[in-house]
Each structure stands twice: as structure tokens, then as C-alpha cells.
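Reader: I should be grateful for a close look at one part of this model, namely the sheet and the helix that lies across it. Please set that part in the context of the chain as a whole.

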Amino acid sequence: MISLVKKLYRQNQEKRRNKATDAYYNRSAPKAYQALIKQLPDHTLTTKQETEIETYAADVLGSASFSPWLKVFTACRGEFKEGWMPLDYWARIVCPTLNGSLQPLGKIKTLTQKFLNAEELPDLAYYVKGNWLMASGEKTTQETLRKTLFDGHPNVFLKQDNTSRGGGVMKLDADQFSKLDFEKLGDFVIQSPIEAHEVFQRLSPASVPSLRVTTYKAPQKEAKVVQSGIRLGLAGTPFTYEDHCIRIAIRIQDGYTHDFGFSGDWQILTKHSETGVSINGVEIPKYAEIKKLCEKLHDQNPHFGLIAWDMTVDKNNQIKIMEWNTVTPAFNMDEAAIGPHFKGLGFEDFWKRKNPGR
């Protein structure tokens, strides 16, 4: 009896956690859907389409609760496509399955170089548990570091551990650096500024664009790029921050941007909303080399099944790694525009591992 009660309690707790996770990751889906059908009224879902999507979510993904983003994608494209990956299923099932207990490590920016050992990282120094370290691992002091940093750079970027989507990032000059209370910030990395490639400067003069490249590594297989997109900054922030940007899907087969992108509130754009520069059909510089680098680095870190890389190219045509993501990298707008990206990889069957009877 006690064993049965414990089992029922665990099942109830899991249902509550699942419901909370779905609610969190689906919270912006209704607004996205409304924004799309306002622009594309002919794409309003019929009752038949809604039923088809909910049935697919239940039968293929294990729960009708995975249907909200599938409805958004359908509203974008005007038809339902099998294989689309809803964000809550991605967050609740796929990412934990692929990266397991190592999933949070991508947020620990002070450890990134330890894993990647890549010259493309712009890391200059680290602050960890009150210790100042150069990127080489050599100990230093705050004053010595200040001179080292700002003798070579007019400003630097500070990125705190356990942050994402542009949060915990500061652009600092020498005076601002001297006035900060570093103990209150926790652990962080300091990175050199990046001057963007001329193509990126034309696209996004407000800040350096962030090129997202997602790689998947199946057991005993080589890593492969499976999804890609780019975020363009807007005026008001010196870096791309949360939804304060423009997102455009990139075709992984040739490295060109898609015909349209989205603002943070799902407005369909063919031009940058601030500069008027065309954003469709742009060739991403050094895209083939970026793909190869991401795949190579992933193969060197086979502990992770999934890694999302934030990359860019500087004015000297050098590839730079801005950061990596092993937690829950979002891709909603890219999936809506040109997905499904993950069809045929078997992700839709992961939920059955938790429910072997299904």
C-alpha cells in the first residue's frame, strides 16, 4: 500500500511539473498565433485543422498539450506539416534526453573554454569565486587586469554565468569597470569586443548579429548541423537581447537567409524595421566554414547530443564563437518559416522512453 501511494504521488508530481513546463513554454503562442492571422487572415485555422493538430500531438508526441506551437507554425505556413517540433516538447522531452545531467553546463560561461579549447572564443578573463584569472588560466589581480584589458580595447563585454538570451551582459569601459561591485555579480567571463563583418554591419548596424547554428550528434555518428538562423539587433542595446531583435531563418544547404524574417512580436518582415535594408536572400559570410567548425567542436564534446552555437564573423573575416547553449535553445520562428528541421531524427519517439507501454 505504501509503495502504491508513493507511486501515485510521484505520478501526480510529474503531471504537475509537466503542466507547469507546458504553460511556461507555451505562454507566448497565443499572441504569436493572433499576430500571424491578423497579417494572414486566410491562414486562420479551421476546426478540422485544429483537430488534426491536436490528434497528431497526442498520437505522435504523446499529449495534446504539445499542440499550441504546432498551430502557430500552421498559421504561418497555411498548412500543417508533420515533423514540426513544438517548443514545450523540445524543452520537456528532447533537450533533457539528449543532454541529460550535463544540460545546464552551457550556462556556465566561465567553463566554456575548458570544454571547447577554441581560439575562436573571444574570452579574455574570468572571475570565479573571487578569483581573477586570465583566459590562459594564469592568476591576476583586478588592477593588473584593468590595465591589460583597456590598453588593448576601448570597451569589453562582461557575461555572467547562469544567464541566457542576452541577460547578464554588460558593455564596460575602463571607468565603468573600476566602479563595479564584482562580488555582487557572481562568476562571469570578460570578452573582447567584436567588430562585425561588413555584411553584418550593413544588416545590423546597432550591434553584432548573432548567428545560431544547432548541431545534433547521434550516438556513434558525426555531428551535423540541423538548424540555423540569425538575430539582428535593434537600436537601444549594444547586443541582441531577448525579443528586442529581428530573427531570420537560414537555409543550411546554401547559407542564405530566408525570404522573410520576424520581429519579436511576430510581424513578418522583408526589410530591417529600422534601417530599411533588405534581409531576404542574404549570403552569410563563411557559412560553410562555420558549419564545419561547429560540427568539429561538437564531435570533440560527444557528451552532448545537442549544442546550439552563437557565432559571428568579424571585420577581418575571422569566425568568432559568442557562446554555446546546451539547455533549451529556442528556434520557434525558424521552425515556423522553413521547418520542420528535425524530422527523421527520431525525436518524436523520445517520450515513449518515459512511457514504455505506449
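Author: In this predicted model, helix H10, residues 287–299, lies across five strands: E7 (210–216), E8 (224–233), E9 (245–250), E12 and E13. Relative to E12, helix H10 runs at about 145°.

The strands that H10 crosses belong to an open sheet of 7 strands, with the order E11-E10-E9-E8-E7-E12-E13 and antiparallel pairing. Its edges are formed by strand E11 (268–269) and strand E13 (319–325), each of which pairs on one side only. At the E13 edge, the partner is strand E12, residues 306–313, and the two are joined in the antiparallel sense over 6 bridges. Within this pairing, Thr312 stands opposite Lys320 of E13.

The sheet and helix H10 are part of a chain with 11 helices and 13 strands in total. The radius of gyration of that chain is 22 Å, close to the 21 Å that the globule rule gives for 358 residues, so the chain is as compact as a globular protein of that length. Along the principal axes, the C-alpha trace spans about 65 × 60 × 40 Å. Of the 358 residues, 50% count as buried. The chain exposes about 17600 Å², of which carbon and sulfur atoms supply 49%. As for contacts between residues at least 6 apart in sequence, 63% join residues at least 24 apart.

Aromatic side chains offer a further view of the model. The structure holds 29 aromatic pairs. In one of them, the ring centres of Phe177 and Phe182 are 5.0 Å apart and the planes meet at 55°; because this angle lies between the limits of 30 and 60 degrees, the pair counts as tilted. Phe177 and Phe182 are both buried. Elsewhere, a single aromatic cluster is formed by Tyr56, Trp69, Phe73, Phe80, Trp84, Phe260, Phe262 and Trp266.

A loop residue completes the account. Ser67 is located in the loop between helix H3 (47–60) and helix H4 (68–77). Its relative accessible area is 5%, and since buried means under 20%, Ser67 is buried. Leaving aside residues up to four places away in sequence, Ser67 touches Ile53, Glu54 and Ala57.

To return to the part requested, helix H10 lies across E7, E8, E9, E12 and E13, and E13 is also one of the edge strands of the sheet.

How values were computed: Residues numbered from 1 in each chain as written. Predicted model: local features only at pLDDT ≥ 70, side-chain atom pairs only at ≥ 80, totals over all residues. Heavy atoms only, no water. Pairing = 2+ DSSP bridges. Helix = DSSP H or I, 4+ residues; strand = E, 2+ residues; numbered from the N terminus. Contact = heavy atoms within 4.5 Å. Axes fitted to C-alpha atoms, helices over the stretch in contact; angles between N-to-C directions. Rg over C-alpha atoms; globule rule 2.2 N^0.38 Å. Buried < 20%, exposed > 50% of the residue type's maximum accessible area, 1.4 Å probe, protein only. Areas by Shrake-Rupley, 256 points an atom, 1.4 Å probe, with all protein chains shown as cover. Phe/Tyr/Trp six-rings, centres within 6.5 Å; stacked < 30°, edge-to-face > 60°.
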